[in-house]
Amino acid sequence: MGDISKLIAKRLGLGLITLVVISAIIFFMVLLLPGDPAQAVLGQGATEENLAALREQMGLNTHPVLRYFGWLGGAMTGNFGNSIVSGDPVIDLIADRFVNTMFLAAYAAVIAVPFAITLGIIVALLRNTLFDRVANVLTLTSISSPEFFLGYILILYFSVKTNMFPAIASLNDGMTFGELLHRTFLPALTLVLVVTAHMMRMTRAAIISLLASPYIEMARLKGAPPWKVIVRHALPNAWAPIINVVALNLAYLITGVVLVEVVFVYPGIGQALVDAVSKRDFPVVQAICLIFAATFILLNLAADVGAILTNPRLRHPK
(Lines give C-alpha, C1' and ligand atoms only; values in the text may rest on other atoms or scores of the structure.)
Protein backbone atom coordinates (compact mmCIF):
# COMPACT_ATOMS: atom_id res chain seq x y z
CA MET A 1 0.00 0.00 0.00
CA GLY A 2 2.91 2.31 0.67
CA ASP A 3 4.21 1.91 -2.88
CA ILE A 4 0.81 2.90 -4.26
CA SER A 5 0.70 6.00 -2.05
CA LYS A 6 4.19 7.05 -3.19
CA LEU A 7 3.28 6.59 -6.85
CA ILE A 8 0.07 8.58 -6.44
CA ALA A 9 1.87 11.34 -4.51
CA LYS A 10 4.52 11.49 -7.25
CA ARG A 11 1.84 11.81 -9.93
CA LEU A 12 0.11 14.55 -7.95
CA GLY A 13 3.37 16.46 -7.53
CA LEU A 14 4.14 16.25 -11.24
CA GLY A 15 0.61 17.36 -12.03
CA LEU A 16 0.93 20.39 -9.76
CA ILE A 17 4.25 21.37 -11.36
CA THR A 18 2.71 20.98 -14.81
CA LEU A 19 -0.22 23.18 -13.84
CA VAL A 20 2.09 25.93 -12.57
CA VAL A 21 4.09 25.85 -15.82
CA ILE A 22 0.91 25.96 -17.91
CA SER A 23 -0.46 28.84 -15.82
CA ALA A 24 2.67 30.84 -16.60
CA ILE A 25 2.32 30.07 -20.31
CA ILE A 26 -1.35 31.11 -20.27
CA PHE A 27 -0.67 34.36 -18.42
CA PHE A 28 2.25 35.56 -20.52
CA MET A 29 0.81 34.40 -23.85
CA VAL A 30 -2.30 36.48 -23.16
CA LEU A 31 -0.06 39.45 -22.36
CA LEU A 32 1.59 39.06 -25.78
CA LEU A 33 -1.73 39.56 -27.57
CA PRO A 34 -1.79 42.87 -29.47
CA GLY A 35 -3.83 45.75 -28.15
CA ASP A 36 -4.21 47.74 -24.96
CA PRO A 37 -6.75 46.41 -22.42
CA ALA A 38 -7.36 49.91 -21.09
CA GLN A 39 -8.03 51.16 -24.61
CA ALA A 40 -10.42 48.24 -25.17
CA VAL A 41 -12.39 49.23 -22.07
CA LEU A 42 -12.57 53.00 -22.63
CA GLY A 43 -12.73 52.99 -26.42
CA GLN A 44 -10.87 54.98 -29.03
CA GLY A 45 -12.11 58.32 -27.73
CA ALA A 46 -10.46 57.99 -24.31
CA THR A 47 -7.95 60.61 -23.22
CA GLU A 48 -4.41 59.78 -22.18
CA GLU A 49 -5.17 60.77 -18.60
CA ASN A 50 -8.11 58.39 -18.38
CA LEU A 51 -6.08 55.61 -19.99
CA ALA A 52 -3.22 56.15 -17.55
CA ALA A 53 -5.59 56.13 -14.57
CA LEU A 54 -7.27 52.91 -15.74
CA ARG A 55 -3.91 51.21 -16.37
CA GLU A 56 -2.91 52.09 -12.83
CA GLN A 57 -6.21 50.78 -11.49
CA MET A 58 -5.88 47.51 -13.45
CA GLY A 59 -2.24 47.08 -12.36
CA LEU A 60 -0.94 47.21 -15.92
CA ASN A 61 2.00 49.38 -14.83
CA THR A 62 3.28 46.65 -12.51
CA HIS A 63 6.03 44.34 -13.73
CA PRO A 64 4.53 41.31 -15.55
CA VAL A 65 6.28 38.80 -13.27
CA LEU A 66 4.81 40.43 -10.15
CA ARG A 67 1.41 40.55 -11.84
CA TYR A 68 1.69 36.85 -12.64
CA PHE A 69 2.40 35.82 -9.07
CA GLY A 70 -0.41 38.04 -7.83
CA TRP A 71 -2.79 36.50 -10.36
CA LEU A 72 -1.63 32.96 -9.51
CA GLY A 73 -2.08 33.57 -5.80
CA GLY A 74 -5.58 34.87 -6.40
CA ALA A 75 -6.41 31.97 -8.71
CA MET A 76 -5.43 29.49 -6.00
CA THR A 77 -8.11 31.03 -3.77
CA GLY A 78 -10.70 31.29 -6.56
CA ASN A 79 -10.13 35.00 -7.19
CA PHE A 80 -9.41 35.55 -10.90
CA GLY A 81 -9.86 39.30 -10.78
CA ASN A 82 -12.58 41.36 -12.40
CA SER A 83 -13.84 41.38 -15.96
CA ILE A 84 -12.52 44.21 -18.10
CA VAL A 85 -15.84 44.57 -19.92
CA SER A 86 -18.40 44.38 -17.11
CA GLY A 87 -16.28 44.94 -14.01
CA ASP A 88 -17.88 41.94 -12.28
CA PRO A 89 -15.76 39.28 -10.58
CA VAL A 90 -14.63 36.70 -13.12
CA ILE A 91 -15.61 33.79 -10.90
CA ASP A 92 -19.23 35.05 -10.84
CA LEU A 93 -19.30 35.29 -14.64
CA ILE A 94 -18.02 31.78 -15.32
CA ALA A 95 -19.36 29.77 -12.36
CA ASP A 96 -22.80 29.09 -13.85
CA ARG A 97 -21.28 28.59 -17.28
CA PHE A 98 -18.90 25.97 -15.92
CA VAL A 99 -21.79 24.14 -14.24
CA ASN A 100 -23.61 24.07 -17.60
CA THR A 101 -20.53 22.67 -19.33
CA MET A 102 -20.11 20.01 -16.64
CA PHE A 103 -23.74 19.00 -17.10
CA LEU A 104 -23.33 18.70 -20.86
CA ALA A 105 -20.13 16.66 -20.42
CA ALA A 106 -21.81 14.38 -17.87
CA TYR A 107 -24.83 13.96 -20.14
CA ALA A 108 -22.59 12.88 -23.02
CA ALA A 109 -20.41 10.67 -20.79
CA VAL A 110 -23.38 8.76 -19.36
CA ILE A 111 -24.35 7.82 -22.91
CA ALA A 112 -20.92 7.42 -24.51
CA VAL A 113 -18.88 5.45 -21.95
CA PRO A 114 -21.12 2.36 -21.46
CA PHE A 115 -22.12 2.39 -25.13
CA ALA A 116 -18.51 2.56 -26.34
CA ILE A 117 -17.23 -0.17 -24.00
CA THR A 118 -20.14 -2.46 -24.83
CA LEU A 119 -19.70 -1.87 -28.55
CA GLY A 120 -15.95 -2.48 -28.24
CA ILE A 121 -16.59 -5.85 -26.55
CA ILE A 122 -19.11 -6.82 -29.22
CA VAL A 123 -16.83 -6.00 -32.15
CA ALA A 124 -14.01 -7.90 -30.40
CA LEU A 125 -16.31 -10.91 -30.15
CA LEU A 126 -17.30 -10.52 -33.82
CA ARG A 127 -13.81 -9.69 -35.08
CA ASN A 128 -13.35 -9.77 -38.89
CA THR A 129 -17.09 -10.12 -39.47
CA LEU A 130 -19.26 -7.74 -41.50
CA PHE A 131 -20.46 -6.08 -38.30
CA ASP A 132 -16.85 -5.43 -37.26
CA ARG A 133 -16.00 -3.89 -40.62
CA VAL A 134 -19.08 -1.67 -40.67
CA ALA A 135 -18.44 -0.53 -37.10
CA ASN A 136 -14.83 0.33 -37.96
CA VAL A 137 -15.88 2.33 -41.03
CA LEU A 138 -18.49 4.27 -39.06
CA THR A 139 -16.14 5.00 -36.17
CA LEU A 140 -13.36 6.14 -38.51
CA THR A 141 -15.86 8.43 -40.21
CA SER A 142 -16.93 9.83 -36.85
CA ILE A 143 -13.34 10.41 -35.71
CA SER A 144 -12.44 12.12 -39.00
CA SER A 145 -15.40 14.51 -38.93
CA PRO A 146 -14.97 17.86 -37.13
CA GLU A 147 -17.33 18.56 -34.26
CA PHE A 148 -18.95 21.56 -35.93
CA PHE A 149 -19.64 19.49 -39.07
CA LEU A 150 -21.35 16.76 -37.06
CA GLY A 151 -23.29 19.40 -35.18
CA TYR A 152 -24.61 21.04 -38.34
CA ILE A 153 -25.53 17.65 -39.81
CA LEU A 154 -27.54 16.83 -36.68
CA ILE A 155 -29.23 20.22 -36.80
CA LEU A 156 -30.15 19.67 -40.44
CA TYR A 157 -31.79 16.29 -39.89
CA PHE A 158 -33.13 16.54 -36.34
CA SER A 159 -34.10 20.23 -36.21
CA VAL A 160 -34.69 21.57 -39.70
CA LYS A 161 -36.19 18.51 -41.41
CA THR A 162 -37.91 16.67 -38.57
CA ASN A 163 -38.18 19.36 -35.85
CA MET A 164 -37.54 16.71 -33.18
CA PHE A 165 -35.03 18.76 -31.18
CA PRO A 166 -34.28 22.49 -30.96
CA ALA A 167 -31.30 23.77 -32.94
CA ILE A 168 -30.39 26.27 -30.20
CA ALA A 169 -29.76 24.86 -26.73
CA SER A 170 -31.22 27.77 -24.77
CA LEU A 171 -31.62 27.27 -21.03
CA ASN A 172 -33.69 28.99 -18.35
CA ASP A 173 -34.27 28.57 -14.64
CA GLY A 174 -37.89 27.46 -14.91
CA MET A 175 -37.37 24.43 -17.14
CA THR A 176 -37.86 20.88 -15.90
CA PHE A 177 -35.16 18.22 -15.99
CA GLY A 178 -36.89 16.54 -18.93
CA GLU A 179 -36.91 19.80 -20.88
CA LEU A 180 -33.24 20.28 -20.04
CA LEU A 181 -32.38 16.84 -21.41
CA HIS A 182 -34.45 17.49 -24.54
CA ARG A 183 -32.90 20.87 -25.31
CA THR A 184 -29.34 19.71 -24.76
CA PHE A 185 -29.69 16.38 -26.57
CA LEU A 186 -28.17 17.49 -29.88
CA PRO A 187 -24.97 19.01 -28.42
CA ALA A 188 -24.65 15.96 -26.16
CA LEU A 189 -25.15 13.63 -29.13
CA THR A 190 -22.47 15.52 -31.08
CA LEU A 191 -19.99 14.91 -28.27
CA VAL A 192 -21.08 11.28 -28.02
CA LEU A 193 -20.37 10.70 -31.71
CA VAL A 194 -16.91 12.21 -31.36
CA VAL A 195 -15.71 10.33 -28.25
CA THR A 196 -17.51 7.00 -28.69
CA ALA A 197 -15.44 6.04 -31.72
CA HIS A 198 -12.12 6.49 -29.93
CA MET A 199 -13.18 4.62 -26.80
CA MET A 200 -14.72 1.79 -28.80
CA ARG A 201 -11.63 1.28 -30.94
CA MET A 202 -9.33 1.32 -27.92
CA THR A 203 -11.55 -1.22 -26.09
CA ARG A 204 -11.53 -3.46 -29.15
CA ALA A 205 -7.76 -3.17 -29.60
CA ALA A 206 -7.05 -3.81 -25.90
CA ILE A 207 -9.17 -6.95 -25.84
CA ILE A 208 -7.91 -8.32 -29.15
CA SER A 209 -4.30 -7.84 -28.05
CA LEU A 210 -5.00 -10.08 -25.05
CA LEU A 211 -6.74 -12.84 -26.97
CA ALA A 212 -3.39 -14.37 -27.97
CA SER A 213 -2.24 -14.69 -24.35
CA PRO A 214 -1.61 -18.20 -22.96
CA TYR A 215 -4.27 -17.96 -20.25
CA ILE A 216 -6.84 -17.01 -22.90
CA GLU A 217 -5.84 -20.05 -24.96
CA MET A 218 -6.18 -22.20 -21.85
CA ALA A 219 -9.67 -20.85 -21.20
CA ARG A 220 -10.64 -21.65 -24.78
CA LEU A 221 -9.21 -25.16 -24.52
CA LYS A 222 -11.34 -25.72 -21.43
CA GLY A 223 -14.39 -25.02 -23.57
CA ALA A 224 -15.32 -21.58 -22.26
CA PRO A 225 -17.69 -19.71 -24.63
CA PRO A 226 -16.25 -16.66 -26.47
CA TRP A 227 -18.25 -14.11 -24.46
CA LYS A 228 -17.06 -15.62 -21.18
CA VAL A 229 -13.43 -15.61 -22.37
CA ILE A 230 -13.64 -11.90 -23.12
CA VAL A 231 -15.79 -10.74 -20.19
CA ARG A 232 -14.21 -12.85 -17.41
CA HIS A 233 -10.63 -13.27 -18.63
CA ALA A 234 -9.65 -10.61 -21.18
CA LEU A 235 -11.64 -7.58 -20.00
CA PRO A 236 -10.27 -7.41 -16.41
CA ASN A 237 -6.72 -7.22 -17.79
CA ALA A 238 -7.74 -4.64 -20.40
CA TRP A 239 -9.13 -2.16 -17.88
CA ALA A 240 -5.89 -0.15 -17.59
CA PRO A 241 -5.77 1.09 -21.23
CA ILE A 242 -9.56 1.42 -21.30
CA ILE A 243 -9.54 3.60 -18.17
CA ASN A 244 -6.82 5.76 -19.72
CA VAL A 245 -8.73 6.36 -22.93
CA VAL A 246 -12.00 6.96 -21.05
CA ALA A 247 -10.35 9.56 -18.80
CA LEU A 248 -8.75 11.31 -21.78
CA ASN A 249 -12.09 11.44 -23.56
CA LEU A 250 -13.80 12.75 -20.44
CA ALA A 251 -11.19 15.50 -20.39
CA TYR A 252 -12.04 16.25 -24.00
CA LEU A 253 -15.75 16.42 -23.16
CA ILE A 254 -15.01 19.30 -20.79
CA THR A 255 -12.13 21.07 -22.53
CA GLY A 256 -13.09 20.41 -26.14
CA VAL A 257 -16.67 21.64 -26.07
CA VAL A 258 -15.89 25.12 -27.40
CA LEU A 259 -16.94 24.44 -31.00
CA VAL A 260 -19.98 22.42 -29.95
CA GLU A 261 -21.19 25.14 -27.61
CA VAL A 262 -20.72 27.78 -30.31
CA VAL A 263 -22.64 25.74 -32.89
CA PHE A 264 -25.63 25.20 -30.58
CA VAL A 265 -25.28 28.57 -28.76
CA TYR A 266 -25.06 26.61 -25.50
CA PRO A 267 -24.41 28.84 -22.46
CA GLY A 268 -21.31 27.00 -21.29
CA ILE A 269 -17.77 27.95 -20.49
CA GLY A 270 -16.63 27.34 -24.08
CA GLN A 271 -19.11 29.92 -25.38
CA ALA A 272 -17.95 32.27 -22.62
CA LEU A 273 -14.35 31.83 -23.82
CA VAL A 274 -15.27 32.76 -27.39
CA ASP A 275 -17.19 35.81 -26.19
CA ALA A 276 -14.29 36.90 -23.96
CA VAL A 277 -11.78 36.56 -26.80
CA SER A 278 -13.97 38.61 -29.15
CA LYS A 279 -14.34 41.34 -26.49
CA ARG A 280 -10.66 41.13 -25.47
CA ASP A 281 -11.69 40.39 -21.87
CA PHE A 282 -8.27 39.06 -20.85
CA PRO A 283 -8.99 38.11 -17.20
CA VAL A 284 -11.90 35.91 -18.31
CA VAL A 285 -9.75 34.30 -21.03
CA GLN A 286 -6.96 33.56 -18.55
CA ALA A 287 -9.37 32.11 -15.98
CA ILE A 288 -11.14 29.81 -18.46
CA CYS A 289 -7.87 28.59 -19.99
CA LEU A 290 -6.52 27.80 -16.52
CA ILE A 291 -9.72 25.92 -15.63
CA PHE A 292 -9.43 23.90 -18.85
CA ALA A 293 -5.79 23.09 -18.09
CA ALA A 294 -6.53 22.10 -14.48
CA THR A 295 -9.42 19.88 -15.59
CA PHE A 296 -7.32 18.14 -18.22
CA ILE A 297 -4.43 17.55 -15.82
CA LEU A 298 -6.76 16.30 -13.07
CA LEU A 299 -8.42 13.77 -15.36
CA ASN A 300 -5.04 12.63 -16.63
CA LEU A 301 -3.99 12.08 -13.03
CA ALA A 302 -7.19 10.12 -12.48
CA ALA A 303 -6.32 7.99 -15.52
CA ASP A 304 -2.82 7.33 -14.15
CA VAL A 305 -4.14 6.42 -10.71
CA GLY A 306 -6.82 4.18 -12.23
CA ALA A 307 -4.25 2.41 -14.37
CA ILE A 308 -1.99 1.89 -11.33
CA LEU A 309 -4.81 0.45 -9.23
CA THR A 310 -6.00 -1.92 -11.97
CA ASN A 311 -2.59 -3.12 -13.18
CA PRO A 312 -0.28 -4.78 -10.60
CA ARG A 313 2.68 -4.46 -12.99
CA LEU A 314 2.50 -0.67 -12.69
CA ARG A 315 2.49 -0.90 -8.91
CA HIS A 316 5.67 -2.98 -8.96
CA PRO A 317 7.66 -1.69 -11.96
CA LYS A 318 10.77 -3.69 -11.00
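Which side chains meet in a salt bridge? In this predicted model, the partners are D132 and R204, with 2.9 Å from N to O.

## The salt bridge

If you scan the whole structure for salt bridges, you will find 1. Because D132 belongs to helix α6 (residues 130-144) and R204 to helix α9 (residues 185-210), the pair ties together parts that are 72 residues apart in sequence.

How covered are the two partners? D132 has a relative accessibility of 2%, so this residue counts as buried. R204 has a relative accessible area of 18% and is buried too, since the cut-off for that label is under 20%.

## A negative patch on the surface

Now turn to the surface, where D88, D92, D96 and D173 form a negative patch. One of these residues, D92, sits in helix α5, which covers residues 90-125. With a relative accessible area of 53%, D92 is classed as exposed, because that label applies to values over 50%.

## L259 and its contacts

Another residue to look at is L259, found in helix α12 (residues 258-263). L259 counts as partly exposed, because its relative accessibility is 40% and that label covers the range between buried and exposed.

Which residues does L259 touch, leaving aside neighbours within four places in sequence? The contacts are with E147 and F148. You can also check the spacing to F149: the C-alpha atoms of L259 and F149 are 9.8 Å apart in space, while the two residues are 110 residues apart in sequence.

Key: Residues numbered from 1 in each chain as written. Predicted model: local features only at pLDDT ≥ 70, side-chain atom pairs only at ≥ 80, totals over all residues. Heavy atoms only, no water. Patch = residues over 30% accessible without salt bridge, like charges linked within 9 Å, V, L, I, M, F, W, Y side chains within 5 Å. Areas by Shrake-Rupley, 256 points an atom, 1.4 Å probe, with all protein chains shown as cover. Salt bridge = Lys/Arg side-chain N within 4 Å of Asp/Glu carboxyl O. Lys, Arg positive; Asp, Glu negative; His and termini not counted. Charge placed at Lys NZ, Arg CZ, Asp CG, Glu CD. Helix = DSSP H or I, 4+ residues; strand = E, 2+ residues; numbered from the N terminus. Buried < 20%, exposed > 50% of the residue type's maximum accessible area, 1.4 Å probe, protein only. Contact = heavy atoms within 4.5 Å.
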